[in-house]
Amino acid sequence: MEPINVLKVFVRLEKDIASFYGKLKNVSTVREFVDTYEKMERQSSAHAENILKDYKAFRIPELDISPLIVLHNHVKENLLEEIKNEGDIGFVLEKLAGAEEQLGKIYKSIAIHYKRNAQKFQMLGEAINKIGDEEFQHRDVILKDKKRYEQSRSASGTEDSRKKTLSHNNFKKAQGTLLYLKSKLDELNLRDNEQKIVE
């Protein structure tokens, strides 16, 4: 995949993550950690901005291969025509050496182009690696929140009460028992004030 397109994907991912955390702040069951979500939202937006800056800075100029094509066509058409009937071998060898030198210069300029842009790739790789490290930090923050949450639940005894919740079958049995007791209460013909007390 072309690096420029990868950067566009990164920007979209980070903006989507920022939007996700923005929505998560409004989910009532997890609002307890709204500070964390706001921080993640800000940081994901910052990541998107940083990647956009990298995207703008990461402009690799098109490689101009027209000299290579010109030389190729010259060798293919003109040089052969020039030397095929030439009697002076020294002249022929000089022409061939000149063509090879031109080709070497073109390849050297291509190599310089790629070396120069290799530095940009390295800088880009380092920038993306830094964002990866920050995502690991986000993971650690969320895991700390999870640990704090579990500790607060066990301290308040919520963990024990959660373990005592009824299974579906036990709930149905309890519900049946309560309905049976209600029907028996109806048979007692209680006065209104007694009925209210029972309810």
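Let me start at the N-terminal end of helix α4, which is capped by Asp88. A side-chain oxygen of Asp88 sits 3.0 Å from the backbone nitrogen of Gly90. Keep in mind that this is a predicted model.

The helix itself covers residues 89-156, and Ile89 belongs to it. Is α4 as long as its residue count suggests? What we can do is compare two figures. With 68 residues at 1.5 Å each, α4 should span 100 Å, and the C-alpha atoms at its ends are 99 Å apart, so the two agree.

Now the surface at this end. Ile89 has a relative accessibility of 56%, and the cut-off for exposed is over 50%, so Ile89 counts as exposed. Ile89 also joins Leu93 and Leu96 in a nonpolar surface patch, and the three together have about 290 Å² of accessible area.

Next, the buried side of the list. Which residues of α4 are buried? They are Val92, Ala99, Ile106, Ile110, His113, Asn117, Leu124, Ile131, His138, Asp145 and Arg153. Note that the list includes His113, Asn117, His138, Asp145 and Arg153. On spacing, a general point: an α-helix has 3.6 residues a turn, so residues three or four places apart point the same way.

Finally, the whole protein. There are 7 helices and 0 strands, and in sequence order the pattern reads α-α-α-α-α-α-α. Of the 199 residues, 17% are buried. The exposed area is about 15,500 Å², with 56% of it coming from carbon and sulfur atoms. Among contacts with a separation of 6 or more, 72% are between residues 24 or more positions apart.

Key. Residues numbered from 1 in each chain as written. Predicted model: local features only at pLDDT ≥ 70, side-chain atom pairs only at ≥ 80, totals over all residues. Heavy atoms only, no water. Patch = residues over 30% accessible without salt bridge, like charges linked within 9 Å, V, L, I, M, F, W, Y side chains within 5 Å. Areas by Shrake-Rupley, 256 points an atom, 1.4 Å probe, with all protein chains shown as cover. Salt bridge = Lys/Arg side-chain N within 4 Å of Asp/Glu carboxyl O. Helix = DSSP H or I, 4+ residues; strand = E, 2+ residues; numbered from the N terminus. Buried < 20%, exposed > 50% of the residue type's maximum accessible area, 1.4 Å probe, protein only. Expected span 1.5 Å × (residues − 1). Polar contact = N/O pair within 3.5 Å; in protein donor to acceptor, adjacent residues only side chain to side chain. Contact = heavy atoms within 4.5 Å.
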